Amino acid sequence: MRKRRFFQALTASVWAFLLMFCTGGKEVAVQAASSSLPSLQLQFSSSQSEYAKPPNGDAQGRLDVTLVPQGAVSGIIRPPIDVVFVMDVSGSMTAMKLQSAKSALQAAVNYFKSNYNQNDRFALIPFSDGVREASVVPFGKYSNVASQLDAILNTGNSLTAGGGTNYSAALSLAKSYFTDPTRKKYIIFLTDGMPTVLNTVDTITYREVKPKFRGGYQYTGNRVTGSLSVTYELYSDGWTAGIRFTDNKGYSRQFYSDGQDYVNGWWVSWDNGYSFTYSSIERKIRADATAVAKTLGMNNITLYSIGFGDNDEVDMDYLRSLSATAGGEARQGTTQNLTALFQQFSQLATTPAITGTIRIPLSSFGGNVAVAENGQVWLDENKQNAYISFSIPYQVGQGTPAPVTIPIPVSFKAKGTYTFTAELTYRDVYGQPQPVVTKTVTVTVKDEAPPSFTGTVKLQGLTNDVTSLIKRGATDGDDNRFRATYSLSLVGYVGNATGTISNVSIVQELPDGISVVPDGKVTTYVENGKRYAKWSFTNQTFDYSQLNKLTLSAQWVMQADFAMNSVQLPPALVTFTDSRYGTKTSTLVPPAERIGMTVRLDDFPNVYYEGNGMGTITKHKFSALSDDIVGRADPNANGLLPLPVKAMQYDPNDDGVLLVTYSNGRTVRVALKPQLSIITESGVAESGAVITEAPTVKMVGLVAGEGVKYEYQVVRNGVVSDWQPLASPYMISISDDGEYTVAVRSAGGLTRGDGTTKVAFRYKKLIRHLVLGDYDPTMNVGDTQKISVTIVPSDATNKTLAWTSSDPSVASVDQNGMVTARKPRTVTITVRATDGGNASETATIRVIDPYVPLTGMAFRNPILYMNVGDDPLEVASELRFIPENATDTALRSVATSDDRFVKVVQENGKWYLQAVDVGYATITATAKVKALDGRDIQAEATVIVRSPSTNQNGGNGGKW
């Protein structure tokens with residue numbers, strides 16, 4: 001288990017830090033929100049305006065510096081950065097640890113290679129007793145960033161472990177690399193142990209030696225004091241320290257804390273004459289490293305430290321203090337904070353920051369004011385100035401960061417009035433220096449001061465470290481809850497005065513995303529848009545005799561409602577009523593612990609998904625030895641929002657979809673498996689459907705994350721194809737009919753399980769068109785003909801056709817398209833597809849009797865009589881055809897010899913004679929067909945037109 005925690009932490013730590021510095025490989029500058037550019041306001045106050053000095057002690061007070069960010073950042077493309085990897089390869093780095101460090105370095109390099117700015121600079125400094133000079137990769141060794149990163153990786157992979165641990169030498173060299181004040185500058189410091197070696201120049205007094213006649217050395221009796229190059233060392237037994245130097249005669253000297261003295265390897269004495277202890281050397285080594293960290297902070301070089309080991313191996317308090325001095329922070333490689341590390345650092349690659357220092361001069365107080373160093377606050381070498389280094393990130397798209405308060409413990413040796421000045425110097429998110437901001441605060445120290453409360457607030461997770469809380473899916477519980485314990489002391493000096501303190505309450509402002517778990521004792525309320533929790537010491541009154549004696553405590557449970565990183569609980573207020581001074585308020589020191597929480601959703605057996613405060617979703621795979629990020633999806637891609645994640649759960653209707661709910665209550669669907677649709681001309685079909693139009697299986701939802709690859713497989717009628725790569729536009733077209741199962745699988749990104757999604761359908765290929773072959777449109781009664789038909793497409797699923805006749809008594813048709821003519825008339829033959837489509841085609845056929853040629857024709861009467869005004873006379877009815885059963889008796893024309901008397905009219909295909917006036921005319925009718933010898937077949941008749949009053953048997957009465 002211990003090994004697993006170590007490897008989990010190692011991977012988490014390095015990923016956390018490296019992701020602070022990368023974006024999408026494009027250069028330019030930070031684009032800030034147009035409404036208000038990022039800037040800082042400074043607030044400077046004291047916990048009380050008056051402090052009492054005890055008769056035999058110093059007055060204790062506190063100054064509070066509050067940095068109030070302004071503006072917001074809507075989107076960024078980061079400027080170039082400088083990053084130096086400082087890597088511990090001392091002897092405590094076992095083979096397994098060293099390999100893990102190399103793997104972590106490789107992960108960092110690979111990430112930067114995918115996300116670098118072409119003007120970024122990277123370097124590697126391995127160290128043990130000192131800097132491994134031969135393995136250093138300085139800035140600019142290669143002009144190409146990718147080549148530089150490759151060199152760092154190759155060098156890192158060749159490192160071996162051995163020797164002590166010299167923080168100062170490695171950090172000092174790293175500092176010397178940063179020459180551009182406008183760049184954001186970072187040191188990623190990987191160590192698995194405490195500092196044990198220091199190379200420095202120091203003044204030392206030693207006993208002079210001379211050679212013995214028979215070998216060895218002896219003391220001359222002289223003592224020599226000089227400023228020498230000295231190596232201080234701590235040994236692995238935990239109690240022996242050593243000093244190495246070269247004396248005035250060039251001899252190599254080795255002192256041990258037990259008094260032994262070696263000269264050029266010869267033992268000389270148990271009394272080297274220079275008394276020191278393990279602790280004193282340890283203090284020197286650590287103080288020097290702290291001094292280096294101070295110079296880093298003064299130069300806006302942010303130090304992020306990773307402690308690879310447990311508390312017996314790494315002094316995390318010291319490492320945190322070292323990092324805080326340089327405006328950064330340190331994290332220990334443990335299972336408990338693994339998730340928090342990922343959450344905190346995974347997207348600081350795209351996070352601009354305001355960095356700077358605050359200076360509080362102390363020289364004007366004549367030594368009467370002392371400031372205690374506490375990691376966040378540090379002093380220069382002469383203790384004439386107190387400093388605070390800071391870095392305030394602006395999360396893209398998340399508005400203005402919350403204020404940050406840094407408490408400064410002060411003590412006063414003498415009574416008087418003291419005015420403190422705080423000078424804020426910072427660079428904006430562009431790396432440009434801003435005007436110095438100055439604030440002052442005045443406090444009075446005297447014999448007596450009104451009662452007030454001092455105290456501390458301690459945060460402790462119920463089951464997880466408060467920096468690494470975990471919300472399980474969408475459920476709140478002990479894993480994302482923490483206990484706040486308030487310890488109060490009633491202080492003050494009022495002489496012989498009497499009075500009481502009552503109505504004591506603790507009022508805690510609640511940051512966004514922090515709520516109180518109801519317990520019946522704490523009340524919550526909203527005032528001026530801010531949320532507060534209040535605890536009251538009901539019905540308790542304290543008199544002045546309890547000053548400097550009374551302690552009170554309260555505690556309640558709070559929870560992180562959505563993912564967050566390094567959130568500070570604002571300073572709590574203690575309100576009370578003083579019988580002499582009325583209503584009073586004291587401010588407590590804000591808790592040192594920062595609140596961090598991620599949302600985790602398990603995917604058994606060894607995978608989980610994690611959402612952080614920046615909206616990033618990561619996929620983790622863990623084992624007994626490691627916990628690795630195997631997939632990552634950033635905001636503004638795949639539908640993810642740049643907001644803290646509040647809850648995650650799998651879609652109950654689709655296990656390939658992750659439902660991510662954000663701090664604003666909005667829920668988005670994130671694909672963990674390919675999302676498929678069956679697309680046809682008519683729209684989208686459901687899986688399992690029978691489809692009659694050519695389908696296309698389309699991936700309509702890509703799996704979230706980077707570097708996702710896809711493959712597809714088609715099963716048709718039980719025949720399985722090989723897996724094939726699938727690329728944009730992510731479509732699989734289906735042309736053949738059959739029973740189908742189409743599978744698409746993903747790999748990489750946030751892919752869940754094997755990443756396979758399937759759709760099934762039956763594709764029935766319908767007949768689109770029927771094309772009839774040539775056929776005879778005229779048939780004799782009794783004849784037969786087969787009408788051929790071509791099916792389009794030729795590979796239609798169902799080729800069965802149905803043939804029908806509009807009048808089977810005229811012509812019938814069988815199911816093979818065979819038509820039989822039965823009696824004269826016109827008939828329609830129809831062929832239709834039977835596959836459910838609408839394809840059909842028709843043939844029109846005229847059925848006639850067998851053909852009998854016309855050989856002649858004559859008018860039945862050679863003379864025809866008509867009266868003026870009679871109805872027209874149809875010519876065909878007056879004709880006699882030879883033979884009478886001739887098939888074609890149609891007339892081609894009818895002509896009149898004199899249309900003054902008889903007019904020929906054709907109407908609806910028939911010929912008519914119309915009597916116009918009294919007289920006569922010769923009518924000639926010509927058949928449509930001709931005689932066998934080619935002559936026209938004609939008939940003539942004379943038409944006599946009479947007056948209506950003329951007797952039909954009378955004289956001519958005409959006009960001739």
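**A walk through strands, loops and a buried lysine**

Let's start with a single pair of residues: Ala 743 stands opposite Lys 758 in strand E52. This is a predicted model, so please read each feature below as part of a prediction. The pair belongs to a longer match, in which strand E51 (residues 738–747) and E52 run antiparallel and are joined by 8 bridges. E52 (residues 756–763) also pairs with strand E45 (residues 690–691), here in the parallel sense and over 2 bridges. One place to look is Val 690, whose bridge partner in E52 is Arg 762. In general, strands of a sheet pair through backbone hydrogen bonds, either parallel or antiparallel.

Next comes an open sheet of 3 strands, in the order E40-E41-E42 and with antiparallel pairing. Strand E40 (645–651) and strand E42 (667–671) each have a single partner strand, so they stand at the edges, and one side of each is left without a neighbour in the sheet. From one strand to the next, the twist averages 25°. Strand E41 (residues 654–662) meets E42 through 5 antiparallel bridges, and Thr 661 has Thr 667 as its bridge partner in E42.

Now for the loops, where some backbone angles deserve your attention. Ser 728 and Pro 729 are joined by a cis peptide bond with omega of about 10°, and Pro 729 lies in the loop between strand E49 (724–725) and strand E50 (731–733). A cis peptide bond also joins Ile 882 and Pro 883, with omega about -10°; Pro 883 sits in the loop between strand E65 (879–882) and strand E66 (891–896).

Two asparagines have positive phi values. Asn 264, in the loop between strand E13 (261–263) and strand E14 (266–269), has phi near 50°. Asn 264 counts as partly exposed because its relative accessibility is 36%. For Asn 528, phi is near 55°, and the residue is found in the loop between strand E29 (523–527) and strand E30 (530–536). With 77% relative accessibility, Asn 528 counts as exposed.

Finally, visit Lys 53, in the loop between strand E3 (50–52) and strand E4 (59–70). What is the nearest side chain of opposite charge to this buried lysine? That side chain is Asp 58, 5.1 Å away, and Lys 53 has no salt bridge. The side chain of Lys 53 does reach the backbone oxygen of Gly 57, at 2.9 Å. Beyond its neighbours within four places in sequence, Lys 53 is in contact with several residues, including Ala 59, Phe 412, Lys 413, Val 445 and Asp 447.

How values were computed
Residues are numbered from 1 along each chain as its sequence is written. This is a predicted model: local features need pLDDT of at least 70, side-chain atom pairs count only at pLDDT 80 or more; totals for chains, interfaces and linings use all residues. Side-chain values use heavy atoms; hydrogens and water are left out. Helices (H or I, at least four residues) and strands (E, at least two) are DSSP runs, numbered from the N terminus. Buried means under 20% relative accessible area, exposed over 50%, partly exposed in between (1.4 Å probe, protein chains only). Lys and Arg count as positive and Asp and Glu as negative; His and the chain ends are not counted. A salt bridge is a side-chain nitrogen of Lys or Arg within 4 Å of a carboxyl oxygen of Asp or Glu. A polar contact is a pair of N or O atoms within 3.5 Å; within protein, one must be able to donate a hydrogen and the other to accept it, and residues adjacent in sequence count only if both atoms are side-chain atoms. Contact means heavy atoms within 4.5 Å. Two strands pair if DSSP finds at least two bridges between them. Axes are lines fitted to C-alpha atoms, for helices over the stretch in contact, and angles run from 0 to 180 degrees between N-to-C directions.
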